[in-house]
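Biologist: Could you walk me through this one, with the reasoning behind each label? I would like to hear how every term is earned.

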Amino acid sequence: MNIVETLKKDVETHPVLRSQWLLERNVSMSFNDLILWLSQEYFVSIGFVDWFLLVAAKTRDQNAKIVLVENIWGELGEGKIADTHVSILIEFLTKLNFDFANHQLLPETKTYLDKMESIIEKGFFYGLGALGPANEYLLKLEYSQISAAYKKLKTEMTLPEGKFFQVNLDADEGHSQRMFELIEETAKTEESKKQVIEGNLLALVAREDFYTGLSRLDKERLTKV
């Protein structure tokens, strides 16, 4: 099994994709569930660009920098502010009448963001593992679940088109493939491959914190009922 196959398998079989919160929303997702997930993913979208910049700064390999910056450029709408992924999410939340005035970062989401930065800080190859498989590839698998739940919810109530999901799913398909290619091109030694694999696994565990926060709010709501 080559490194890309190993990384993909590690993502596909990781418990984060079978988190209680996700599994329950595959059956039924409420409007409040949707808003909660989007509200926390907003902070991740902001951090995402910063993570790529941090990883790009950790290598002198110009080809690697180009791939990472191209990815960032795509996230930033190729220079069009209305087309940045954050802007598309803000527009989506606005159409859903989201209350930005009381928008709060859950402590578990903050833990996830902090852990991602600490993984990237360990080195360039750790960062590639954390951003390629454990973000670009993972998000494709996560977003497809949330997107399917959204389409189901849309049949039950009037909701805007899910452009946010489609943009991310389309982008992640190409971005994850290019990141895997970059990993194959740069991780040539056993040690560098080991670091990519570890960075991936650490980031997957960190992502579990994100869903721990959502599940905690579920439990708190139930105790109040």
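Modeller: Happy to, and please keep in mind that this is a predicted model. Let us begin with N97, which is exposed, with a relative accessible area of 69%.

Biologist: What makes N97 count as exposed?

Modeller: Exposed requires over 50% relative accessible area, and N97 has 69%, so the label applies. The residue sits in the loop between α5 and α6. Its phi is near 60 degrees, a positive value in a residue other than glycine.

Biologist: Which residue in the loop between α4 and α5 has a positive phi?

Modeller: That is E78, in the loop between α4 (62-75) and α5. Its phi is positive, about 50 degrees, although E78 is not a glycine.

Biologist: Is E78 buried or exposed, and how do you know?

Modeller: The relative accessible area of E78 is 57%. The cut-off for exposed is over 50%, so E78 is exposed.

Biologist: Now back to the loop between α5 and α6: why is L96 called buried?

Modeller: Buried means under 20%, and L96 has a relative accessible area of 4%, so it is buried. Leaving out residues up to four places away in sequence, L96 touches F31, L34, I35, L38, L159 and P160. One of these partners, I35, is 61 residues away along the chain, and its C-alpha atom is separated from that of L96 by 8.0 Å.

Biologist: How do you know that I72 and L169 are buried as well?

Modeller: By the cut-off of under 20%. I72, in helix α4, has a relative accessible area of 6%, so it is buried. Apart from residues up to four places away in sequence, I72 touches V49, F52 and L53. L169, in helix α8 (residues 163-186), comes in at 17%, which is under the limit, so L169 is buried too. With residues up to four places away again set aside, the partners of L169 are K140, Y143, S144 and S147. The C-alpha atoms of L169 and L141 are separated by 8.8 Å, with their positions 28 residues apart along the chain.

Biologist: What makes a group of residues a nonpolar core, and how many residues does the largest one have here?

Modeller: Its members must be buried residues of the nonpolar set, joined through side-chain atoms within 4.5 Å. The largest such core has 71 residues, and W37, L38, W51, L68, L128, F164 and F165 have the most contacts inside it. Helix α7 (residues 124-154) gives the most to this core, with 15 residues. As for L68, its contacts beyond neighbours within four places in sequence are F52, V55, A56, F124, L128, M179 and L182.

Biologist: Why are the buried residues of helix α2 said to be on the same side?

Modeller: The buried residues of α2 (residues 20-27) are W21, L22 and R25. They cover an arc of only 95 degrees around the axis, and therefore lie on the same side of α2.

Biologist: Let us turn to helix pairs. Why is α3 described as roughly antiparallel to α5?

Modeller: Helix α3 (residues 31-56) and helix α5 (residues 85-95) pack at an angle of about 160 degrees, with axes 10 Å apart. Angles over 145 count as roughly antiparallel, so α3 and α5 earn that description. Their contact is made by I35, L38, E41, Y42, S45 and I46 of α3 with V86, L89, I90, F92 and L93 of α5. The crossing is left-handed.

Biologist: And what makes α6 oblique to α7?

Modeller: Their packing angle is about 135 degrees, with axes 7 Å apart; α6 covers residues 107-121. Roughly antiparallel needs over 145, and roughly perpendicular covers 65 to 115, so α6 is oblique to α7. Y112, M116, I119 and I120 in α6 meet Y126, G127, A130, L131 and N135 in α7.

Biologist: Why does α1 get the word oblique, too?

Modeller: Helix α1 (residues 3-12) packs against α7 at about 50 degrees, with the axes 10 Å apart. Roughly parallel would need an angle under 35, and roughly perpendicular starts at 65, so α1 is oblique to α7. L7, K8, V11 and E12 of α1 make the contact with P133, A134, Y137, L138 and L141 of α7. This crossing is right-handed.

Note on methods. Residues are numbered from 1 along each chain as its sequence is written. This is a predicted model: local features need pLDDT of at least 70, side-chain atom pairs count only at pLDDT 80 or more; totals for chains, interfaces and linings use all residues. Side-chain values use heavy atoms; hydrogens and water are left out. Buried means under 20% relative accessible area, exposed over 50%, partly exposed in between (1.4 Å probe, protein chains only). Helices (H or I, at least four residues) and strands (E, at least two) are DSSP runs, numbered from the N terminus. Contact means heavy atoms within 4.5 Å. The arc is that of the directions from the helix axis to the C-beta atoms. Axes are lines fitted to C-alpha atoms, for helices over the stretch in contact, and angles run from 0 to 180 degrees between N-to-C directions. A crossing is left-handed if the near helix is turned anticlockwise from the far one by less than a right angle, and right-handed if clockwise.
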